[in-house]
Structure formats: C-alpha cells, structure tokens
Amino acid sequence: MGTTNKNNSTLTLSKKEMQDYGYRVVDAIVEHFETLNNKPPVALATRKEMDELLQEPVPEEGKDANEVLSFVVEQVLKQNNILSHPKAYAFVPGPSNYISVMADTLATGFNIFSGGWSMSPAASELELVTINWLLKLYGFPVKKGGGIFTSGGSMANLTALVTARRFKCGDDFSKAIIYLSDQAHSSNIKAIRICGFRKEQIRIIPTDMDFKLSLNKLKNAIAKDRLEGNKPFCMIASAGTTNTGTVDPLNDMAEICKNEDLWFHVDGAYGAAAILSKKGKLFLKGIERADSLTIDPHKWLYQPYEIGCLLVKNHSWLSATFQEKPEYLRDIEGNPSEINFYDFGMQLTRRFRALKFYMSVKTYGLGSFRKAIEYNLDLAEKTEGILRKSPYWEVISPATLAIINFRFNPIIPSLSEKQLDFINQGIVKKITKARKAILATTVLQEKVVLRMCLINPRTTLEDIEDTLKDCQDYAEDIITSL
Ligand SMILES: *Cc1c(COP(=O)(O)O)cnc(C)c1O
C-alpha cells in the first residue's frame, strides 16, 4: 500500500489502507496457525542478539506501514517460543484457538471499555453471562455468587487474597496466618507478600508422598498457631498443582476451614478446567466448597492470553472490598443491578475479556471443550502406559490432570542418582538446543525429572513418541560421554 505515515497527526489510514493492512495481519495470523506444527517450537536468542536486532532510538519520522508490519512478523513475532505448538510440553502450554484470537481482535478493534455498565452495557452483561456459566459449572450459587475476569491466575489469586483479608481480618492483620502446601503456585506467595503479610505469617505445609497437602500437618500447624495466640484466617488449596497436577484433599480442607472459620481459597488456575470431563470432576470433588476459586481460561480452556478468572460465593464480597465512590465516576454508577466490574477488582479500565470466552464457547460448543479435555487426560494416561512399558523410562508421578513426570533411568546400565540427574538435565539442554520441543525439568523427591503438561488438543501420541525417541537418543549420547 506504500503508505508513508509522515505528518499523519490524526493517526488514521484510508478505508482501503485499513483493509489492505488488516488483511495482511489476518494473513500473517492464519499463516502462523497453518504452519506452526512444522516449525521448531523453541526460539533461542541472547540479549545481545536481540539488542542488535531491535534496539533503536525512538523514530521521529514514520515509515511505510507494510515495512514495519513485515519487520514485526519476521523479526519480532517469530523469535518467541510457540506455546501453542503440539510439542510444547513445558510449564503450562497455551494451546489457544483461532475464534478467540479473532474475538480479541474485535474487542480491541472496537476498543470496548469493560469497566462500567453505562459505558458498555452489553460487554458487562456478557461478562455476567459467562461468569454465570462458570459459577454453574463449579457448583457456586448463580444468583448470590459472582466473579470477574482478570489478566490471569496471578491476578485472580491476588484479588482473592485481598478479599479474604478484608473479610477475615479487617484492618489489623498483624497476627493473621495463611496456610498453603509446598506445592502451591508461587503466585500465591507473591500475592500474600503484596498484601503486606510478613514471611512469618505464611505456613508452608509439607505434602505427602502423593504431593497432596498433609492434613495432619495442617491441623497441627493450626493448633500450634492458636496456642501461640496467632489468628489463622485463610487456607489455599491447589486444584491441580503446576508440578504434578495433584489436587489437594479439597473436602477435608473445606471441613477444616468451616470448623476453624478460615477463608477457603482454591487455586484452580491449572486444573479447574478438568471439571468439564467426568474423570476430572471426580478429581475435583469439593471444589464447590471454596469461598473463592481461581480459574485460568488462558491455560486449559484454550483461550489466548490474557484471561484469568476469580469466582466467589458471594458477589458482595468483591464490591465490599474494591468499591470506592469517587465523585468523577458519579455519573456512570447506574442502578445497583447494573454491575460495574471496576467495583469487583483492581482495574478501572479493562479490556473486554469475556468476549473471546463467549465466542469460542458459542462457536464450538462446550461439548467440544469437554472432548478436548477428555482427550488431554487420555493422552497423558497413554503416555504413562508407553513409559511404563519401556526399559528406559521411570514414571515419577503418574498421569494426573494431563501432567506426567518421568525420568530416563535405564535398567542397564545401572546409574547413580547423580548421573541420572545429570542425564535428565542434559536431555532438556540438548532438545532445547536442537529446538525440537519445549521441554523442561522439575525436581520431585529430590530427583531431576522431565515434566510433560499435555493440554494441547492437537498434540498426538506420535508427537510424544517422537519426542521420547529424541530424548532417548540424547540420553544415550550423554551416557557415552560420561
Ligand atoms: C499458572 C498458574 C498460576 C498463575 O497464573 P498466570 O495466569 O500465569 O498468572 C497460579 N496458580 C497455578 C496453580 C498455576 O498453574
């Protein structure tokens, strides 16, 4: 289109220019979706290389729009790991889906302000509608319950913690104590610290051999705190730990919270999505007893970044915690049934996150999401079967909510723990260097293990077999060089 955007102080393009540019953008995204399976998922670049490529003084003069776009597509977008790649196994992948990508594009295109009712009645209503879908799914009361979409699980956990502190502690939380397991996600500790709790107010409860929070140790810790005059106020359970997919004993923890008058927060950022499958629902029994629940649609509900979500048993808890009534927002307050989501969390100006969830569920149907999640659970179990049959691999934690941990540990030759750690770490180094898969280690029971999180519905058993074969070859290389 050859636009030179010099002296374009209204920041506009002509209709034709916008169309041409927009089609190019869509073409680039579609091309990415179409070809990503065949591309290396790993991007490797040093700070120095990126500095050389991208550092520049802010340009005073504009440049041809297509030139800038091509540069961005080629040099910026492509130099990042592809987390929706079928061989992205590490951390928590982001499988995403095209409908939601386009929904995000629409939300941005129309620049919807999703803060208050009077600015965006339909966007507010859609957030209510989709939050209601989720409340129902998790057995929360639909009328009384409430929730809010956030940027991700970390913000949802922080929002929950701030609410819990407000309700259980009021203004003096100097003696308040919070309990969570050694497998709980680090964002919870971050949230606790942001809230202003001291390190001494955090009790990290050890997990048992199954990586579940140990109830006895929890009870003892609470009893000890009461004896010492501390004030237990909140417990965080993991519904699917990031390491192993393990679900804490939710019912038992809920019971303790009830008896001890503690706030029960469930961090389901990783695993809560599994409720869509029959098997997952069994795993997650008791999740409906949470006071607050974090879910994270940009993980296992296949949404592109960013969208997290916090659900609460009583929507007035959120408004009582976050509502301020400044004079400059008087005119948009509206009537009480017309919810202003800026009253439910930290953000005033918020993007329209509900739209992508709404459009993808409407388009594919929740049934497709259920099938995808069932497929993921099955895939992890099949992977476990393959590993258990092999003389090279040892399963360290069984397939749980689509996560499996294992290590290379051949029957022959027999290797020391130190050698095994070295080999398994080496496998990840080599496969990353070869850019063949996004694979990472974690540490369980003091062993370095490989971890696969299999929540991409487009990952096939062949992909996994292929990766295991690569890993085995690397392991043999390493053994030869020992
Ligand atoms: C990923 C994760 C989080 C953090 O969520 P973000 O969306 O990355 O902010 C919190 N808790 C658990 C269990 C997670 O897996």
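Helices (H or I, at least four residues) and strands (E, at least two) are taken here as DSSP runs, numbered from the N terminus. The model is a predicted one, so local features need pLDDT of at least 70 and side-chain atom pairs count only at pLDDT 80 or more, while totals for chains, interfaces and linings use all residues. Residues are numbered from 1 along each chain as its sequence is written, and side-chain values use heavy atoms, with hydrogens and water left out.

To start with the whole chain, there are 15 helices and eleven strands. The radius of gyration (taken over C-alpha atoms) is 24 Å, close to the 23 Å expected for 482 residues from the globule rule (2.2 Å times the number of residues to the power 0.38), so the chain is as compact as a globular protein of that length. Its C-alpha trace spans about 70 × 55 × 45 Å along the principal axes. Half the story is inside: 50% of the 482 residues count as buried, where buried means under 20% relative accessible area, exposed over 50%, and partly exposed in between (1.4 Å probe, protein chains only). Contact means heavy atoms within 4.5 Å; among contacts between residues at least 6 apart in sequence, 73% join residues at least 24 apart.

Next comes a site picked out by a record. UniProt, in an unreviewed entry, lists Lys-299 for "modified residue: N6-(pyridoxal phosphate)lysine"; positions there are given in the numbering used here, feature names are shortened, and annotations may be inferred rather than shown by experiment. Lys-299 sits in the loop between strand S6 (292–295) and strand S7 (308–312), and it counts as buried because its relative accessibility is 15%. Beyond its neighbours within four places in sequence, Lys-299 touches Val-92, Pro-93, Pro-95, Ala-269, Tyr-270 and Ile-455. The loop between S6 and S7 also holds Glu-306, which is joined to Tyr-305 by a cis peptide bond with omega of about -5°.

Another cis peptide bond runs from Ile-412 to Pro-413, with omega near -5°. Pro-413 belongs to the loop between strand S9 (403–408) and helix H14 (417–433). As background, most residues other than glycine have a negative phi, and most peptide bonds are trans. Phe-91 has a positive phi, near 50°, and lies in the loop between helix H3 (65–77) and H4; with a relative accessible area of 58%, Phe-91 is exposed. Glu-446 also has a positive phi, near 65°. Found in the loop between strand S10 (440–444) and S11, Glu-446 counts as exposed at 73% relative accessibility.

Helix H12 (residues 354–364) buries Ala-354, Leu-355, Lys-356, Phe-357, Ser-360 and Val-361. Their cover includes helix H4 (98–109), helix H5 (121–137), strand S1 (146–150) and helix H13 (366–389). Right after H12 comes Gly-365, with a positive phi near 85°. The loop between H4 and H5 contains Asn-111, which counts as exposed because its relative accessibility is 64%. Asn-111 and Thr-480 are 58 Å apart, C-alpha to C-alpha, with their places 369 residues apart in sequence.

Lastly, Thr-460 lies in the loop between strand S11 (447–453) and helix H15 (461–480). At 27% relative accessibility, Thr-460 counts as partly exposed. Its contacts, leaving aside neighbours within four places in sequence, are Tyr-375 and Leu-379.
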